[in-house]
Amino acid sequence: MTGRSRAERRLGWLLCAPAVLAMLLVTGYPILNAFWLSLHRFDLRFPEQSQFVGLANYASVLGSEVWWRALSNTLIITLGSVGLELVLGFALALLMFKATMGRRTIRTVILIPYAMITVVAALAWKFAFDPTTGFVNALLNLDQAWLSERWSAFFVIIFSEIWKTTPFMALLLLAGLTLIPQDLLKAARVDGATARQRFVKITLPLMKPTILVALLFRTLDAFRIFDTVYIQTRGAADTETVSIVGYNVLIARLNLGLGSAVSVLIFLGVLLIALLFIKGFSAPLTRSGGQ
């Protein structure tokens with residue numbers, strides 16, 4: 001590395017330092033405070049009984065059937081929504097990329113759901129699937145109480161998530177499609193490669209980092225799902241997620257110690273997902289040379 005490169009690198013770190021310091025203060029302190037509270041018995045209803053209990057709160061959470069059932073529910077929603085969003089998002093990204101007429105109109109229409117507030121979208125689909133006032137039962141000629149049974153409630157929650165966030169996935173994948181060298185695809189077409197071969201052999205490998213980022217963002221977001229479930233079922237019909245459990249313990253029951261333990265476990269889950277994605281895809285997150 002030359003002297004000029006070292007100077008530019010040092011200047012880069014100095015310019016980033018204020019933002020890094022602000023991020024550490026904003027994110028680091030709450031995380032450390034939550035971990036410290038999770039090591040205490042700290043119930044706001046009985047503050048005089050507060051004391052250091054070590055890992056007892058974690059043992060209580062991990063030994064609870066409620067936690068494991070909520071974790072199972074969270075994984076069902078995460079896998080169901082993110083998997084379908086990737087397929088639909090890819091199809092929409094290809095549609096937006098290939099469209100030659102009305103490209104702006106198509107992109108605007110596709111992105112409308114993502115512009116809506118999540119709470120509004122959750123309420124809209126809750127009313128749509130309502131057995132008395134919604135239009136879904138009338139449209140399908142059914143008499144189904146969708147949000148009163150576990151699997152039909154999961155269907156509504158996952159459907160709402162897919163409808164709301166598939167445009168976000170499509171937008172990220174569209175950005176990846178625009179970075180693929182078109183000369184490479186034209187050369188493959190001249191050599192006789194079919195559309196399927198060009199997609200599998202060229203498009204998918206070149207879009208691997210983009211797919212990783214899209215899946216990572218959406219998986220982390222889906223794992224922390226709270227608002228859609230809270231609005232549509234409030235955890236009823238056995239649809240409670242880990243975030244709902246954290247809310248009930250921390251906010252509804254005012255048990256800061258136990259609720260902080262749940263929050264730390266959710267944070268560790270998010271960290272584990274990020275590491276698994278980076279290792280699993282083996283995608284380079286930095287340029288060669290460690291830059």
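Let me start with one residue, Leu 276, which lies in helix H13. Is Leu 276 buried or exposed? Its relative accessibility is 55%, so Leu 276 counts as exposed. For a sense of distance, take Thr 203: Leu 276 and Thr 203 are 73 residues apart in sequence, and their C-alpha atoms are 23 Å apart in space. Please keep in mind throughout that this is a predicted model.

Now the whole chain. The protein chain has 13 helices and two strands. Its C-alpha atoms fill a box of roughly 75 × 70 × 30 Å along the principal axes. There are 291 residues, and 37% of them count as buried. If you take the contacts in the chain with a separation of 6 or more, residues 24 or more positions apart account for 69% of them.

Next, the interior. The largest nonpolar core has 44 residues. Which of them touch the most other members? They are Val 61, Trp 67, Leu 173 and Met 207. At least two residues of this core come from each of these helices: H2 (56-62), H3, H7, H8 (182-190), H10 (208-223), H12 and H13 (256-281). H13, where we began with an exposed leucine, gives the largest share of the core, ten residues.

Met 207 can be followed further. Leaving out residues up to four places away in sequence, Met 207 touches Phe 90, Leu 173, Gly 176, Leu 177 and Ile 180. Leu 173, as I said, is another of the residues that touch the most core members.

H12 is one of the helices that supply the core. Its buried residues are Val 242, Ser 243, Ile 244, Val 245, Gly 246 and Val 249. After H12 comes Leu 254, which has a positive phi, near 60°.

That brings me to backbone angles. Most residues other than glycine have a negative phi. Asn 141 is not a glycine, yet its phi is positive, about 55°. Where is Asn 141 found? It sits in the loop between helix H6 (136-140) and helix H7 (150-178). Asn 141 is exposed, with a relative accessible area of 71%. Asp 238 also has a positive phi, near 55°, and is found in the loop between helix H11 (227-232) and helix H12 (242-252). Asp 238 is partly exposed, at a relative accessible area of 29%.

Now a pair of helices. Two packed helices are described by the angle between their axes and the distance between the axes. H3 covers residues 65-98 and H4 covers residues 103-115; they pack at an angle of about 155°, with axes 9 Å apart. Angles over 145 degrees count as roughly antiparallel, so that is how H3 runs relative to H4. From H3, the residues that meet H4 are Leu 92, Leu 95, Met 96 and Phe 97. From H4, they are Arg 103, Ile 106, Arg 107 and Ile 110. Sorted by type, the contact has six nonpolar residues, no polar ones and two charged ones.

Ile 106 from that contact also gives a reference point for Ala 121. The two are 15 residues apart in sequence and 21 Å apart in space, C-alpha to C-alpha. Ala 121 lies in helix H5, residues 118-128, and counts as buried, at 3% relative accessibility. Not counting residues up to four places away in sequence, Ala 121 touches Met 116, Trp 163 and Lys 164.

Trp 163 leads to the aromatic rings. How many aromatic pairs does the structure hold? It holds 15. In one of the pairs, the rings of Trp 36 and Phe 52 have centres 6.5 Å apart and planes at 40°, so this pair is tilted. Trp 36 lies in helix H1 (residues 3-38) and Phe 52 in strand E2 (residues 51-52), so the pair ties together parts that are 16 residues apart in sequence. Both Trp 36 and Phe 52 are exposed.

There is also a cluster. Ring pairs link Trp 125, Phe 129, Trp 146, Phe 155, Phe 159 and Trp 163. In that list, Trp 163 is the residue that we just met as a contact of Ala 121.

That is where I will stop.

Technical notes
Residues are numbered from 1 along each chain as its sequence is written. This is a predicted model: local features need pLDDT of at least 70, side-chain atom pairs count only at pLDDT 80 or more; totals for chains, interfaces and linings use all residues. Side-chain values use heavy atoms; hydrogens and water are left out. Axes are lines fitted to C-alpha atoms, for helices over the stretch in contact, and angles run from 0 to 180 degrees between N-to-C directions. Helices (H or I, at least four residues) and strands (E, at least two) are DSSP runs, numbered from the N terminus. Angles under 35 degrees count as roughly parallel, over 145 as roughly antiparallel, 65 to 115 as roughly perpendicular and the rest as oblique. Contact means heavy atoms within 4.5 Å. Ala, Val, Leu, Ile, Met, Phe, Trp, Tyr, Cys and Pro count as nonpolar, Asp, Glu, Lys and Arg as charged, and the others, Gly among them, as polar. Buried means under 20% relative accessible area, exposed over 50%, partly exposed in between (1.4 Å probe, protein chains only). A nonpolar core is a set of buried Ala, Val, Leu, Ile, Met, Phe, Trp, Tyr and Cys residues joined through side-chain atoms within 4.5 Å. Rings of Phe, Tyr and Trp (its six-membered ring) pair if their centres lie within 6.5 Å; planes under 30 degrees apart count as stacked, over 60 as edge-to-face and the rest as tilted.
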